[in-house]
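Okay, thanks everyone for coming. I've got one structure to walk through today, so let's put it up and then start with a single side chain.

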Amino acid sequence: MARFIAFDFGTRRIGVAVTDSGAMIAAPEGTYSPQELDKAIQRLIGAEPCAGFVVGMPGLLTGETTDSTAPIQSFVSELKKRHPSLSVELVDEDHTSQEASMAMVQSGMRKSKRRQKGQLDQIAATLILQRFLDAR
């Protein structure tokens, strides 16, 4: 089987999560700057077969747009252009940052570790990916 790669897109940082090769369990992979992301995607695709991408989109269920809607749409277009053979699925990302923050506290993660902004992004990407898997 092939795995999925998910993104919690931000203009400064992008959280990335991946599934296992059976596409059943989501796990955080890392956080990248926009400049580092393409290299990371190439590495991930080269390491294992990829079934497609999952991108978090705010307001997807309600139809509302936010300041991040246009940059995310641009990112999705670029993904489709660079990887035309892979599907790109959108998943509502509302409240994933709050859920990620709560999950970090509940897991006992130290406050100093929780303050590292990249931690939140990759956990949010994992939540986005898990939502996608649960809906399949």
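So, this is a predicted model, and I want to begin at Phe7. Phe7 is buried, with a relative accessible area of 0%. Where does Phe7 sit? In strand β1, and its bridge partner over in β2 is Val16. Those two strands, β1 at residues 3–8 and β2 at residues 14–19, pair in the antiparallel sense over four bridges.

Let's zoom out to the sheet. It's an open one with five strands, in the order β3-β2-β1-β4-β5, and the pairing is mixed. At the edges you've got β3 (26–32) and β5 (87–92), each pairing on one side only. From one strand to the next the twist averages 25°.

Now the helices on the sheet. Helix α1, residues 34–47, lies across β1, β2, β3 and β4, and runs at about 140° to β3. Helix α2, residues 69–82, packs on the sheet too, touching β1, β4 and β5, and its direction makes about 170° with that of β4. For the whole chain, the tally is five helices and five strands, and along the sequence you read β-β-β-α-β-α-β-α-α-α.

Okay, rings. How many aromatic pairs does a search of the whole structure find? Four. Take Phe4 and Phe132: that pair is edge-to-face, 4.9 Å centre to centre with 65° between the planes. Phe4 is in strand β1 and Phe132 is in helix α5 (residues 117–135), so to speak a long-distance link, with the two positions 128 residues apart in sequence. Both Phe4 and Phe132 are buried.

Then back to our friend Phe7, which pairs with Phe53. That one is tilted, at 5.8 Å centre to centre and 45° between the planes. Again the pair links distant parts of the chain, with Phe7 in β1 and Phe53 in β4, 46 residues apart. Why does Phe53 count as buried? Because its relative accessibility is 0%, and the cut-off for buried is under 20%. Phe7 and Phe53 also belong to one aromatic cluster together with Phe9 and Phe75.

What does Phe53 touch, leaving aside neighbours within four places in sequence? The contacts include Phe4, Ile5, Phe7, Ile41, Ile45 and Leu79, plus some polar company such as His83, Ser87 and Glu89.

That brings us to the cores. The largest nonpolar core has 21 residues, and the members touching the most other members are Ile5, Phe7, Val16, Leu37, Phe53, Val55 and Leu79. Which elements give two or more residues to this core? β1, β2, α1, β4 and α2. Apart from that one lies another core, of twelve residues, among them Ala17, Val54, Val91 and Leu129. As background, nonpolar side chains in soluble globular proteins tend to be buried together.

Last, some whole-chain numbers. Of the 136 residues, 44% count as buried. Among contacts between residues at least 6 apart in sequence, 63% join residues at least 24 apart. And the chain exposes about 7600 Å², with carbon and sulfur atoms supplying 52% of it.

If you keep one picture from this, make it Phe7: buried at 0%, paired with Phe53, and among the best-connected members of the largest nonpolar core. That's me done, thanks.

Key. Residues numbered from 1 in each chain as written. Predicted model: local features only at pLDDT ≥ 70, side-chain atom pairs only at ≥ 80, totals over all residues. Heavy atoms only, no water. Pairing = 2+ DSSP bridges. Axes fitted to C-alpha atoms, helices over the stretch in contact; angles between N-to-C directions. Contact = heavy atoms within 4.5 Å. Buried < 20%, exposed > 50% of the residue type's maximum accessible area, 1.4 Å probe, protein only. Areas by Shrake-Rupley, 256 points an atom, 1.4 Å probe, with all protein chains shown as cover. Phe/Tyr/Trp six-rings, centres within 6.5 Å; stacked < 30°, edge-to-face > 60°. Core = buried A, V, L, I, M, F, W, Y, C linked by side-chain atoms within 4.5 Å.
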